[in-house]
Each structure stands twice: as C-alpha cells, then as structure tokens.
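Me: I am new to this structure and would like a close look at one part of it. Please take me through the surroundings of the ligand, and then follow the helices from there.

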Amino acid sequence: MTKNGFAVELRAATRTYSVGRRAVTALAGVDLTAAAAEFVAVMGPSGSGKSTLLHCAAGLDRLTSGEVVIDGVRLAGLSQRRLTVLRRDRVGFVFQAFNLLPALTAAQNVALPRLLARRRVVPAEVTAALDEVGLADRAGHRPAELSGGEQQRVAIARALFTRPAVLFADEPTGALDAASGREVLALLRAAVNRRARTVVMVTHDPFAAAHADRVVWLGDGRIVDALSGPAGTREIAMRTAALEETSSLGEARR
Ligand SMILES: Nc1ncnc2c1ncn2[C@@H]1O[C@H](COP(=O)(O)OP(=O)(O)OP(=O)(O)O)[C@@H](O)[C@H]1O
C-alpha cells in the first residue's frame, strides 16, 4: 500500500486515438482511484471508454495526457523495461477470453508469469493457488480439458499468484454461464476480503457490479455517475438504464 492508501490512481486521464485524420477521444479527463482492498466496478455503454481506461490503468496502453500511478509508481516516468517489470510484478489482468496458453497445464499456466520473471516457483505454492480457486485436482489439465468457468478460475489464480497491488478484470464473466460467473465473482470478492487485494472490474452486468464496493459509470470518456458503498443489482440496473436512455437521446439529437 502507498502512503495515500491507493493501489491505483488515474488523474485527468485522457486518451485520444488518431483514426485517419480524425481524433477519437476515448478518455476525456477521468479521475479515478481504487484504495487498497477495494473492489471498483466500471460500467457504461459500448464505446464509453471502459476498456481504454482499464488498458491505460494497467500500463497496456499509454495516456495522451494525465497520469496513472500504481502502488505509488507513476507509469509515465518509466522506461519500457521498467513498465514491463511493474506490470509483471504489481498488476494482474483477467480477460473475458481467459487467455491461458493451450499447450500448458493449469499449474504451468499459473506458474508462467513467475517463471518468465526468472523467479523460483515452489510447486506447493502453485497447488495452494489452484486450491484457492477450487481446482487443486485439475493441476495437470490443459485448458481444453477445462470448462470456461474453470479456465477463468485458473486465470484468476495466475493473476493473483504474483500478489499484485491491483487486479484488473475486463468483463471476466462475459463469456460464462450464470453459475460459473457467480463463482468467478465470489473469487474476486474473496481476493479483496481475505487477501486485501484491489480489484478494478469492467462489466456490463449489474449483478456482477453489485459485488463491488463502488460502481462508476463512464459516458463518452467521462465519469458520469457513481455509487459508493455496496449497491444492489436493481439499483445498479436502474442507473444503467437511465444513463443509456440519456446517451441514446443525446445520440438521436446529434
Ligand atoms: N486503438 C484504437 N484506435 C482508435 N479508436 C479506438 C481505439 N480503441 C478504442 N477506440 C475508440 O475509443 C472509444 C472507446 O472505446 P473502448 O473500447 O474503450 O470502449 P468500451 O466502453 O470498452 O466499449 P465496449 O463496451 O464496446 O467494449 C470508442 O469510440 C472506440 O472506437
């Protein structure tokens, strides 16, 4: 944890892309922080900037202006090499499509980031990481031999294995059935409650967002609404519907 208690901070985060001669503003000055042991959900309509926010916050993409600080380290000041090291050591990422390596077993997938960092891997620790996601008995299975929910649980074990300051999750339940989605959300919640990890999750699903401590909504690259304190699925769904109505009215007027 940093002195100010934030695992991740975005300050006036702005990202524009050039598309031909046009500039597309994906993020237009976002201020967002996630405290240590906090679970933040990011919602908003398609194209509102959610993935861009997550990718910039995780150091997978660079801001055009503004700043990202992870665990007290400003990303802008880092060389490519140091950024890679910070991403490897301090950041976990879980994707909608699991992104496991198909040729490796569950255990090898979990151990891979540490092996790539040329760190020692203790087999018992890999087993413990898989045990924590309920898959100790699947350690030798390859992704094709696991269900989607099981693959995502391996991906979570892999992301948490380096004990990251922050775990970013991009629609982690988007490709899962309801029961598997619930298991994944319970694991993310447990990582916050039991391991004091910080989670920032992009989701379209109000039920998923209801697992967070705080929900923020993006619209046109800006934060347009926020709910602090745990909120129910209904409340989140109602706010989402209201914002989507406002944004489609805005589009119709343009
Ligand atoms: N690499 C890129 N080049 C050009 N434009 C981009 C790029 N990435 C994102 N954009 C644009 O930036 C805006 C925000 O995109 P982003 O993918 O962050 O939205 P999103 O909220 O994650 O959408 P979705 O829910 O559909 O995934 C969109 O207008 C998108 O077309």
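Reply: What follows describes the shell around the ligand and then two helices. The model is predicted.

The residues surrounding the ligand are Tyr17, Val19, Val24, Ala26, Gly44, Ser46, Gly47, Ser48, Gly49, Lys50, Ser51 and Thr52. Strand E1 (6-19), strand E2 (22-35) and helix H1 (50-57) are the elements that each give two or more residues to this shell. H1 has the largest share, with 3 residues. Sorted by class, the shell holds 7 polar, 4 nonpolar and 1 charged residues.

H1 itself is largely enclosed by the rest of the structure, because 6 of its 8 residues are buried. These buried residues are Lys50, Thr52, Leu53, Leu54, Cys56 and Ala57. Two of these names, Lys50 and Thr52, also appear in the list of residues around the ligand. After H1 comes Gly59, which has a positive phi, near 75°.

Helix H6 (residues 178-195) is the second helix to look at. With 18 residues at 1.5 Å a residue, H6 should span 26 Å, and its end C-alpha atoms lie 25 Å apart, so the two values agree. Its buried residues are Gly181, Val184, Leu185, Leu188, Ala191 and Val192. Among the elements that cover them are strand E3 (39-43), strand E7 (166-170) and strand E8 (198-202). Helix H5 (148-161) and helix H7 (206-209) also belong to this cover. Just after H6, Ala196 has a positive phi of about 55°.

Definitions and conventions: Residues numbered from 1 in each chain as written. Predicted model: local features only at pLDDT ≥ 70, side-chain atom pairs only at ≥ 80, totals over all residues. Near = placed C-beta within 6 Å. Helix = DSSP H or I, 4+ residues; strand = E, 2+ residues; numbered from the N terminus. Nonpolar A, V, L, I, M, F, W, Y, C, P; charged D, E, K, R; others polar. Expected span 1.5 Å × (residues − 1). Buried ≥ 20, exposed ≤ 12 C-beta atoms within 10 Å, placed from the backbone. Contact = placed C-beta atoms within 7 Å.
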